[in-house]
Amino acid sequence: MKIMNKKVYNAVLSGNADNNIKFNDFRNLIVNLGFEFIWQNGSHVQYFHSRHNIFMNIQNDGSKAKGYEVRQLRKIIKQYNL
């Protein structure tokens, strides 16, 4: 497991940069939070967090993460104290 990028984590939690998070940074954050890769179909990638039974589907928007997916992850982080 990689060391979590606190800058990206804080950006996701702040809500100030939902449409400006790099997709690769976002994907790495998801893995560092305990999600595991399940499958990929085209640009759609699915992750699963077995401890909390949560699925997370992500798709890049160019080189950025989609804003609604960043908001979804923020909600998960807060709800499960990740």
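**Entry 1. Helix 2 against helix 3**

I began with the pairing of helix 2 (residues 23-32) and helix 3 (residues 67-80) in this predicted model. Two packed helices are described by the angle between their axes and the distance between the axes. I noted that the two axes come within 12 Å and cross at roughly 20 degrees. Angles under 35 degrees count as roughly parallel, and I therefore entered helix 2 and helix 3 as roughly parallel to each other. I then looked up the handedness, and helix 2 passes helix 3 in a left-handed crossing.

**Entry 2. Salt bridges**

Side chains of opposite charge can pair when their charged atoms come close. How many salt bridges does a search of the whole structure find? I recorded two.

I took the pair of D18 and R71 to begin with, where the closest N and O atoms are 3.8 Å apart. This pair links distant parts of the chain, since D18 sits in the loop between helix 1 (6-14) and helix 2 while R71 belongs to helix 3, 53 residues apart.

I next turned to R74 and D18, whose closest N and O atoms are 2.8 Å apart. Here too distant parts of the chain are linked: R74 is in helix 3, D18 is in the loop between helix 1 and helix 2, and their positions lie 56 residues apart in the numbering. Because the salt bridges share partners, I wrote down D18, R71 and R74 as one network.

**Entry 3. Burial within the network**

I checked how far each member of the network is covered, taking under 20% relative accessible area as buried and over 50% as exposed. Is D18 buried or exposed? I found a relative accessible area of 9% for D18, which means that D18 is buried. R74 has a relative accessible area of 12% and so counts as buried. R71, at 41% relative accessibility, counts as partly exposed.

**Entry 4. Further positions on helix 3**

I also looked up the distance from R74 to F37, which is 37 residues away along the chain. Their C-alpha atoms are separated by 19 Å.

K78 lies in helix 3 as well. I noted a relative accessible area of 57% for K78, and K78 is therefore exposed. What is the separation between the C-alpha atoms of K78 and L13? I recorded 8.4 Å, although the two residues are 65 residues apart along the chain.

**Entry 5. Strand 3**

I moved to strand 3 (residues 54-61), where F55 is found. F55 has 44% relative accessibility and so counts as partly exposed. I found that F55 joins I38 and W39 in a nonpolar patch on the surface. Together these residues have about 280 Å² of accessible area.

M56 also lies in strand 3. Is M56 buried or exposed? I recorded a relative accessible area of 0%, and M56 is therefore buried. I then looked up M56 and G67, which are eleven residues apart along the chain, and the separation of their C-alpha atoms is 14 Å.

**Entry 6. Positive phi values**

I looked for backbone angles of note and entered N53, a residue other than glycine whose phi is positive, near 55 degrees. Where is N53 found? I placed N53 in the loop between strand 2 (44-49) and strand 3. N53 counts as exposed because its relative accessibility is 57%.

I entered N81 beside it, with a positive phi of about 55 degrees although N81 is not a glycine. N81 is found in the segment after helix 3. At 69% relative accessibility, I recorded N81 as exposed.

**Entry 7. Review of helix 3**

I reread my notes on helix 3 before closing. R74, in helix 3, is buried at 12% relative accessibility, whereas K78, in helix 3, is exposed at 57%. R71 and R74 are joined with D18 into one network of salt bridges. Helix 3 is also the partner of helix 2 in the left-handed crossing.

Note on methods:
Residues are numbered from 1 along each chain as its sequence is written. This is a predicted model: local features need pLDDT of at least 70, side-chain atom pairs count only at pLDDT 80 or more; totals for chains, interfaces and linings use all residues. Side-chain values use heavy atoms; hydrogens and water are left out. Patches are made of residues with over 30% relative accessible area and no salt bridge: like charges are joined within 9 Å, nonpolar side chains (Val, Leu, Ile, Met, Phe, Trp, Tyr) within 5 Å. Accessible areas come from the Shrake-Rupley method with a 1.4 Å probe; for residues, only the protein chains shown count as cover. A salt bridge is a side-chain nitrogen of Lys or Arg within 4 Å of a carboxyl oxygen of Asp or Glu. Helices (H or I, at least four residues) and strands (E, at least two) are DSSP runs, numbered from the N terminus. Buried means under 20% relative accessible area, exposed over 50%, partly exposed in between (1.4 Å probe, protein chains only). Axes are lines fitted to C-alpha atoms, for helices over the stretch in contact, and angles run from 0 to 180 degrees between N-to-C directions. Angles under 35 degrees count as roughly parallel, over 145 as roughly antiparallel, 65 to 115 as roughly perpendicular and the rest as oblique. A crossing is left-handed if the near helix is turned anticlockwise from the far one by less than a right angle, and right-handed if clockwise.
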